[in-house]
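This report covers two topics: the surroundings of the ligand and one of the helices. The structure is shown first.

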Amino acid sequence: MAKNLIINNIFKRNFSSTNALSRKINSVSVVGSGLMGSGIAQVTAEAGYSVYLIDQNQNALDKAMKSIQNSLTRSTKKRFNKEPDHAERYIKDTMDRIQATTELDSGAEKSDLIIEAIVENIQAKHDLFSKLDSISPKETIFTSNTSSLPITEIAQSVNRKDRFGGLHFFNPVPVMKLLEVIKTHETSDATYKTLLEYGLSIGKTTVECKDTPGFIVNRLLVPYMFEAVKMYERGDASFQDIDTAMKLGAGYPMGPFELLDYVGLDTSKFIIDGWRKRYPNDSTFQSSPVIDQLVSEGRLGRKTGEGFYNYKK
Ligand SMILES: CCCCCCCCCCCCCC(=O)CC(=O)SCCNC(=O)CCNC(=O)[C@H](O)C(C)(C)COP(=O)(O)OP(=O)(O)OC[C@H]1O[C@@H](n2cnc3c(N)ncnc32)[C@H](O)[C@@H]1OP(=O)(O)O
Ligand SMILES: NC(=O)C1=CN([C@@H]2O[C@H](COP(=O)(O)OP(=O)(O)OC[C@H]3O[C@@H](n4cnc5c(N)ncnc54)[C@H](O)[C@@H]3O)[C@@H](O)[C@H]2O)C=CC1
């Protein structure tokens, strides 16, 4: 047998080769309405699902609904260029499919799929999923959008480990075409198939990945970002020049510091601190005095109007 065929067969056995039946998804709850949750709610509603957008903070929900409205206005302007009535109806129909609420039960009790997008903290995720496990129907599938935590570890807080997987979206969700779909050793074939189908139904290109640290993209992206921050902290180059170099010399749409501001320095710090604890002997994951300082000053990047760059001007 040719080598490629063997590799292909191993891959298929591990991932998509299954006759399992997927589950029909009608209603989706997105928990956490920040940068990621708002985008996930938007693309899910645009695909025709009924969406509950849940957050513990009413201000965050208000901000999220405004940001979804703005994002839709932006994307429909070009799409329905000569049909403003059509654009208006599309935006209204999409917004009508999203119910924003601070009541966890109201969404969880009615949803076929729950996508968690709260803060990157294992304890917060455990607390949330253990509550969700007790109030959601037993068929409901649970997923996490974590950037850096093992899905298997997040799933420790629930009984339904066969109905638990990872859906890792990219920021900005309405624009980025990729969705990493993560299978743990306990995720059932039917659950995994359902998640892959959901990904395709919202127009994303899905890639399949095991529950390994950082999945595919962050396993490669995070060390690059670390190197950029260390280069700046050593004084080898200014952060502005590092950004210019990576955009013009490597063709990246954003430089590493623009991207850090875009992702959020608080979320980046959660990722760094988590990986350092998890891999104490790996010198790559040292803390960054500069990021620690910016976070302590509340300069979290674009979301607060200031990070490495100032967006208030
Ligand atoms: C020592 C310590 C070190 C610490 C290091 C630790 C680092 C840890 C970091 C890890 C982070 C991990 C996060 C994660 O898990 C995964 C990620 O999400 S990584 C981020 C991935 N995203 C990117 O890489 C984004 C790169 N940027 C871009 O692609 C573009 O710059 C962007 C699309 C954002 C904007 O494009 P630009 O051309 O600059 O601007 P325009 O305004 O012209 O927009 C282009 C196009 O897109 C539409 N658009 C933009 N935003 C939205 C939106 N929110 N909603 C709808 N539409 C939007 C816009 O309308 C334009 O559309 P046209 O049709 O072309 O007009
Ligand atoms: N920022 C990014 O570029 C990306 C982030 N992620 C991951 O997505 C998740 C969310 O990240 P962001 O959206 O950037 O964070 P964010 O800080 O913008 O939003 C988090 C939201 O969760 C809410 N929240 C916190 N605890 C809650 C709880 N128990 N119940 C309900 N709501 C709660 C907060 O009020 C806040 O509105 C994290 O796990 C992060 O690692 C994944 C891909 C990219």
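In this predicted model, ligand 1 is surrounded by 29 residues, and the closest of them are Ser71, Ser147, Met225, Pro253 and Ser288. By class, the shell around ligand 1 holds 18 nonpolar, eight polar and three charged residues. Both domain 1 (22-210) and domain 2 (218-304) contribute to this shell, with at least three residues each.

Several helices take part in the shell around ligand 1. Those in the table each supply at least two residues.

| Helix | Residues |
|---|---|
| α3 | 58-79 |
| α9 | 217-234 |
| α11 | 256-263 |
| α12 | 265-278 |

The greatest contribution comes from α9, which gives eight residues to the shell around ligand 1.

The second topic is helix α2. This helix runs over residues 35-46 and has 12 residues. From its first C-alpha to its last, α2 reaches 17 Å, close to the 16 Å expected at 1.5 Å a residue.

How many of the residues of α2 are buried? The count is 12 of 12, and the helix is mostly covered. Among the buried residues are the nonpolar side chains Leu35, Met36, Ile40 and Val43, and Glu46, which counts as charged, is buried as well.

What do the buried residues of α2 pack against? Their partners are the strands β1 (27-31), β2 (50-54), β3 (98-101) and β4 (113-116), together with the helices α3 and α4 (84-96). Of these, α3 also supplies at least two residues of the shell around ligand 1. After α2 comes Gly48, which has a positive phi near 100°.

Methods. Residues numbered from 1 in each chain as written. Chains lettered and ligands numbered in written order. Predicted model: local features only at pLDDT ≥ 70, side-chain atom pairs only at ≥ 80, totals over all residues. Near = placed C-beta within 6 Å. Helix = DSSP H or I, 4+ residues; strand = E, 2+ residues; numbered from the N terminus. Domains from an automatic or database assignment. Expected span 1.5 Å × (residues − 1). Buried ≥ 20, exposed ≤ 12 C-beta atoms within 10 Å, placed from the backbone. Contact = placed C-beta atoms within 7 Å.
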